[in-house]
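Trainee: Please take me through the model shown here, one question at a time. I should like each answer to close on the value or name I ask for.

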Amino acid sequence: MALGASGIAGLSGAALATPQTPTSAAGASANSIRVPIPYGAAVRVDALTSDASYRAAVIANCQIVVPEGEMKWPDIHPARGEYRFEKADVLMDFARQNNIEVRGHTLAWYGGMPAWTAAIGSRAEAERELVGHIETVVSRYRGAIPSWDVVNEPLVDWPEDESSLRPSIWTSRLGPDYLPIALRAAAAADPDTRLVLNEYDVEFRGARFAARRKALVRLLRSLRDRDVPLHAVGLQAHLFADRAIDRDGLQELLVEIATLKLDVLITELDVIDYGLPGKVGERDALVADMAGQFLGAVCDVVRPRAILTWGLSDRYTWVPTYFKRIDGMPNRPLPLDAELKRKPLFDVIEQYRRNTV
Ligand code: XIL
C-alpha cells in the first residue's frame with residue numbers, strides 16, 4: 001500500500017484539514033495530530049532496478065525515499081564540469097510513478113567528495129564550484145524535491161562552539177561562509193524546497209554529545225542572526241545501541257530548535273547493533289527499544305515532519321561497512337529483515353508515526 005498523500009512537509013491533503021492544537025512551548029505535540037507522520041527510507045537505485053522484491057517493499061512501505069548515494073557529488077558530479085544524472089533520474093521516475101516523495105541528499109558535505117574537488121584552489125573558485133553545483137542539481141529537480149539536505153554534518157566530533165566546523169574543501173577555501181553560501185544557493189535554485197541542516201550524534205548522554213548539542217544550537221542561531229534561509233534540522237539518528245539516549249538533553253535541543261521556528265526531521269534512523277547480543281530475538285527487541293526511547297523523547301516535544309530510516313531492509317545497509325559485528329553475524333539495524341519481514345523496529349516506528357504508543 002503506497003501512502004503517498006500526506007507529504008513530507010505535512011502540509012498537503014489531510015494534514016492541512018487536521019486541526020493542530022499546540023500543547024507545549026515547542027508547538028503541536030504528536031497527541032493533537034491524527035495524520036501519521038510520513039515514513040521513508042534511503043534507497044539504492046541499482047537495487048531498486050535489479051531486485052523486484054525490494055522494490056515492492058519500498059513501494060509498499062515508503063511515502064518518501066532519499067537516495068543513499070546517487071545525489072552525492074561523486075555520483076552526480078564525478079569530474080569538473082561533468083554531471084551524471086542517470087541514476088538520480090531513475091529514482092525520480094520510480095518515485096513519480098509510485099506517488100512517493102523524494103528528499104535530496106546532500107549538497108555541502110565534507111565526506112565522499114570526488115578527487116577532482118581537491119584541486120579547487122582559491123576562494124572564488126570554491127564559491128563558483130559550490131554554487132554552480134547547487135544551482136545545477138537543485139534546479140534540475142526544482143518542484144520535484146520538496147526537501148533537501150543542503151548542509152550535512154557541519155560540526156567536528158567534539159566542538160568547542162559553533163565555529164568548530166568539520167574540515168572540508170569548503171571550510172578550507174570558504175571558512176564558515178560555506179554554510180550561508182550553500183543555503184542561499186539552494187534557496188535561489190528552488191525557492192519552494194525546504195532547506196535542511198542535517199547532523200548526527202546529538203541524542204546521547206555524555207560530555208561530547210552535550211557539546212555537540214550546544215554547538216548546533218549556536219550554529220543555528222548564528223545562521224538565523226545572519227538571515228540565512230533554513231527551514232529544518234535533520235536529526236540523522238544513527239543510534240548506537242551501546243550508548244544511552246539523553247532524554248533531557250535531546251528535548252532541550254528540540255525546544256531550542258522549535259524556538260528558532262525550525263522544523264525537525266528524523267533523516268537517517270538505524271540502530272547500530274555491533275555491541276548487542278548475537279541472539280536475534282533479543283537483539284531485535286533491544287534495537288526496537290533504543291529507537292523507541294529516541295522517538296519517545298522526540299515526539300513528546302515536537303512532531304517530526306518525517307521519519308526516515310537509512311535503508312529499509314537489512315538486505316541493504318551501510319552498517320556492516322563501518323560497524324561489522326565481531327561474531328560474524330549479519331547486522332540487523334533496519335525495520336525489515338533481510339527477507340523483508342517486519343521486525344520490532346518497524347512496529348515501534350509505526351506506533352510513533354500513528355501516535356498509538
Ligand atoms: C553513507 C552511505 O550509506 C554509504 O553507502 C556511503 O558509502 C557513505 O555514506 N551519514 C550520512 C549519509 O549523511 O550520507 C551516510 O551514507 C551515512 C552517514
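## The ligand and its surroundings

Trainee: How far from an oxygen atom of the ligand does a polar side-chain atom of Glu268 lie?

Mentor: This is a predicted model, in which local features need pLDDT of at least 70, side-chain atom pairs count only at pLDDT 80 or more, and totals for chains, interfaces and linings use all residues. Residues are numbered from 1 along each chain as its sequence is written, and side-chain values use heavy atoms, with hydrogens and water left out. Between the polar side-chain atom of Glu268 and an oxygen atom of the ligand, the distance is 2.8 Å.

Trainee: How much of the accessible area that the ligand has on its own does the protein cover?

Mentor: His105 places a polar side-chain atom 2.7 Å from an oxygen atom of the ligand, and an N or O atom in the side chain of Trp310 is 2.9 Å from a ligand oxygen. Accessible areas come from the Shrake-Rupley method with a 1.4 Å probe, and for residues only the protein chains shown count as cover. On its own the ligand has 410 Å² of accessible area, and the share covered by the protein is 77%.

Trainee: In which pocket does the ligand sit?

Mentor: On a 1 Å grid over the protein atoms alone, a pocket is an open set of points with protein on both sides within 12 Å along at least five of seven lines, whereas a cavity is a set where a 1.4 Å probe fits but cannot get out; lining residues have an atom within 4 Å of a point. A molecule sits in either if more than half of its atoms lie within 2 Å of its grid points. The ligand sits in the largest pocket.

Trainee: Which residue around the ligand has a positive phi although it is not a glycine?

Mentor: The residues around the ligand (one heavy atom within 4 Å of it) include Glu68, Lys72, Asn152, Glu153 and Tyr322. Most residues other than glycine have a negative phi. A positive phi of about 50° occurs in a residue placed in the loop between β6 (147-152) and α7 (169-174), and that residue is Glu153.

Trainee: Which residue is joined to His105 by a cis peptide bond?

Mentor: Most peptide bonds are trans. At this cis bond, omega is about -5°. The partner of His105 is found in strand β5 (residues 101-108; strands are DSSP runs of E of at least two residues, helices runs of H or I of at least four, numbered from the N terminus), and it is Thr106.

## Charged pairs

Trainee: How many residues apart in sequence are the parts tied together by Glu125 and Arg80?

Mentor: The side chains of Glu125 and Arg80 meet in a salt bridge, 2.9 Å from N to O. Glu125 lies in helix α6 (residues 123-140) and Arg80 in the loop between α4 (73-76) and α5 (86-97), so the parts tied together by this pair are apart in sequence by 45 residues.

Trainee: Is Glu125 buried or exposed?

Mentor: Buried means under 20% relative accessible area, exposed over 50%, and partly exposed in between, with a 1.4 Å probe and protein chains only. Arg80, at 41%, counts as partly exposed. Because the relative accessibility of Glu125 is 14%, Glu125 counts as buried.

Trainee: Which residue joins Arg80 and Glu125 in one network?

Mentor: A salt bridge is a side-chain nitrogen of Lys or Arg within 4 Å of a carboxyl oxygen of Asp or Glu. Another such pair is Asp314 and Lys343, at 2.7 Å from N to O. Elsewhere, salt bridges that share partners join into one network Arg80, Glu125 and Glu129.

Trainee: In which helix do Asp93 and Arg96 lie?

Mentor: Their side chains meet in a salt bridge of 3.2 Å, N to O. Asp93 is partly exposed at 33%, whereas Arg96 is exposed at 60%. The two are three residues apart, about one turn of the helix, and both lie in helix α5.

## A buried polar pair

Trainee: With which side chain does the side chain of Thr267 make a polar contact?

Mentor: Thr267 is placed in strand β10 (residues 263-272) and is buried at 1% relative accessibility. A polar contact is a pair of N or O atoms within 3.5 Å; within protein, one must be able to donate a hydrogen and the other to accept it, and residues adjacent in sequence count only if both atoms are side-chain atoms. At 2.7 Å, the partner of Thr267 is Asn198.
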